[in-house]
Amino acid sequence: SDVSDTVADKFQEVRATVEDRIEATLDAVDQRKRRVTNAFHAGRAAARDARGELEQRIAESKAAYKDS
């Protein structure tokens, strides 16, 4: 009947909308996870660089002190 067809159509429409929203939410979560992971790796790289620079400065200071 027309009523059951209309109900079935509406159900499918709502279901598709919900599925789209779920997919968009999951995509957003994945994107945020990638950003956090990238920021984490960038932070580790920056810390590694800073440590290397600090170790170099310490070595230079020790050498200068030793020479004086």
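**Charged pairs and surface patches along helix α1**

K10 has a relative accessible area of 46% and therefore counts as partly exposed. Like every value given here, this one is computed from a predicted model. The category follows from the cut-offs: a residue is buried under 20% and exposed over 50%, and partly exposed in between.

K10 is a suitable starting point for a discussion of charge. Side chains of opposite charge can pair when their charged atoms come close. K10 forms such a pair, a salt bridge with E13, in which the closest N and O atoms are 3.5 Å apart. Why are K10 and E13 separated by about one helical turn? The reason is that they stand 3 residues apart in helix α1. The partner, E13, is partly exposed because its relative accessibility is 47%.

How many salt bridges does a search of the whole structure find? The search finds 3. Besides the pair just described, one of them joins the side chains of E19 and R15, with an N to O distance of 3.3 Å. E19 and R15 are 4 residues apart in helix α1, so about one helical turn separates them. E19 counts as partly exposed because its relative accessibility is 44%, and R15, at 43%, is likewise partly exposed.

Another salt bridge links E55 with R51, where the closest N and O atoms lie 2.9 Å apart. Both residues belong to helix α1 and are 4 residues apart, about one turn of the helix. Is each of these two residues exposed or partly exposed? E55, with a relative accessibility of 44%, is partly exposed, whereas R51 reaches 58% and is therefore exposed.

The surface also carries residues that are grouped into patches. Which residues form the negative patch? They are D20, E23, D27 and D30. Residues in a patch take part in no salt bridge, and like charges are joined within 9 Å. D20, one of these four, is found in helix α1. Its relative accessible area is 52%, so D20 is exposed.

A second kind of patch is nonpolar. V14, V18, I22 and L26 form it on the surface, and together they have about 340 Å² of accessible area. I22, one of its members, has its place in helix α1, which covers residues 2-67. I22 counts as partly exposed because its relative accessibility is 47%; the patch rule requires over 30%.

Notes. Residues are numbered from 1 along each chain as its sequence is written. This is a predicted model: local features need pLDDT of at least 70, side-chain atom pairs count only at pLDDT 80 or more; totals for chains, interfaces and linings use all residues. Side-chain values use heavy atoms; hydrogens and water are left out. Patches are made of residues with over 30% relative accessible area and no salt bridge: like charges are joined within 9 Å, nonpolar side chains (Val, Leu, Ile, Met, Phe, Trp, Tyr) within 5 Å. Accessible areas come from the Shrake-Rupley method with a 1.4 Å probe; for residues, only the protein chains shown count as cover. Helices (H or I, at least four residues) and strands (E, at least two) are DSSP runs, numbered from the N terminus. Buried means under 20% relative accessible area, exposed over 50%, partly exposed in between (1.4 Å probe, protein chains only). Lys and Arg count as positive and Asp and Glu as negative; His and the chain ends are not counted. The place of a charge is taken as NZ of Lys, CZ of Arg, CG of Asp or CD of Glu.
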